[in-house]
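Visitor: I am new to reading protein models. Could you walk me through this one, step by step?

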Amino acid sequence: MPSRLIRDPGRRRRSAATVVAGAAVVAMLAVAAVAIAKTFTLNVAKNATVTNMTTMVTKHENIAVNGKGFAVYWLSGDSKSHPKCTEANGCFRFWPPVTAASAKALSKAPGISGKLTSWKRNGFTQAVLGGHPVYTFAPDTKKHDATGEGVVGFGGTWHVVTASGGQTSSQTGQQSSPGSSPNPYPQGY
């Protein structure tokens with residue numbers, strides 16, 4: 001016995017309407033994702049875990065984090081006019097630059113001191129806070145957990161950006177000498 005097809009024009013219209021509505025929702029979500037991706041805000045992580053790799057002391061501090069909740073750092077001596085962390089010397093593999101779609105897309109939460117500007121370099125726009133380009137640390141794997149404080153490498157010492165603008169323990173004038181802290185990459189940079 002041949003199978004019978006049930007033809008219901010109303011059902012086809014409802015299916016088409018459902019597909020169109022679903023496509024509209026997907027399109028709206030895509031537009032929202034692009035809008036979110038084009039903005040970048042430095043946020044504050046309160047009572048974050050900060051481990052100083054020079055002293056191996058762990059503290060809880062208010063720090064600046066990116067939109068994904070990962071700690072933001074700066075390198076002593078690194079600036080737009082004298083970059084120490086570059087793609088050419090391999091630094092970006094360990095210390096990815098904090099980027100935004102444009103300078104206008106950058107903002108910071110209250111409690112983060114320093115003027116937030118940008119730097120166009122290597123085909124991207126990097127955030128610069130208080131004159132220092134800022135980066136994340138690739139080995140940081142947990143949100144609100146800074147493990148790169150006090151690391152010596154790439155021509156300076158790395159410091160987590162504190163939310164109060166105050167100094168962390170490694171910024172109080174005691175500079176570490178190269179090789180005095182655990183270093184996940186070769187010395188000499």
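Guide: Start with pLDDT, the predictor's confidence in each residue, from 0 to 100. Helices (H or I, at least four residues) and strands (E, at least two) are DSSP runs, numbered from the N terminus. This is a predicted model: local features need pLDDT of at least 70, side-chain atom pairs count only at pLDDT 80 or more, and totals for chains, interfaces and linings use all residues. Residues are numbered from 1 along each chain as its sequence is written, and side-chain values use heavy atoms, with hydrogens and water left out.

Visitor: Which element of the protein chain has the highest mean pLDDT?

Guide: The protein chain averages a pLDDT of 77, and 66% of the residues score at least 70. Helix 1 (residues 9-37) has the lowest mean among the elements, 43. At the other end, with a mean of 98, is strand 3.

Visitor: How many contacts does the stretch 16-37 have beyond near neighbours in sequence?

Guide: A contact means heavy atoms within 4.5 Å. Over residues 16-37 the pLDDT is below 50. Where pLDDT is low, the predicted coordinates should not be read in detail. Beyond near neighbours in sequence, the number of contacts for residues 16-37 is zero.

Visitor: And how many contacts does the model have for residues 165-189, beyond four places in sequence?

Guide: Here too, pLDDT stays under 50. For residues 165-189, the count beyond four places in sequence is 52.

Visitor: Which strands stand at the edges of the open sheet in the order 3-11-10?

Guide: Two strands pair if DSSP finds at least two bridges between them. In this sheet of three strands, the pairing is antiparallel. Each edge strand has a single partner, so one side is left without a neighbour in the sheet. The edge strands are strand 3 (73-75) and strand 10 (152-153).

Visitor: Which residue is the bridge partner of Gly153 in strand 11?

Guide: Strand 10 runs antiparallel to strand 11 (residues 156-160), and two bridges join them. In strand 11, the partner of Gly153 is Gly156.

Visitor: Which residue of strand 9 stands opposite Val50?

Guide: Strand 1 (residues 40-52) pairs with strand 5 (residues 106-108) in the parallel sense over three bridges. With strand 2 (residues 57-65) the pairing is antiparallel, over eight bridges, and there Val50 has Lys59 as its partner. Strand 1 also runs parallel to strand 9, joined by three bridges. Opposite Val50 in strand 9 stands Ala146.

Visitor: Which residue of strand 7 stands opposite Trp119?

Guide: Strand 6 (residues 116-121) and strand 7 (residues 124-129) run antiparallel. Six bridges join them. Trp119 faces Gln126.

Visitor: Is Asn122 buried or exposed?

Guide: Asn122 lies in the loop between strand 6 and strand 7. Its phi is positive, about 50°, although Asn122 is not a glycine. Buried means under 20% relative accessible area, exposed over 50%, and partly exposed in between (1.4 Å probe, protein chains only). At 51% relative accessibility, Asn122 counts as exposed.

Visitor: What does His144 count as, at 36% relative accessibility?

Guide: His144 sits in the loop between strand 8 (132-133) and strand 9 (145-149). Phi of His144 is positive too, near 60°. With an accessibility of 36%, His144 counts as partly exposed.

Visitor: Which residue takes a positive phi in the hairpin of strand 1 and strand 2?

Guide: This hairpin has four residues between the strands. The phi value is near 60°, and the residue is Met56.
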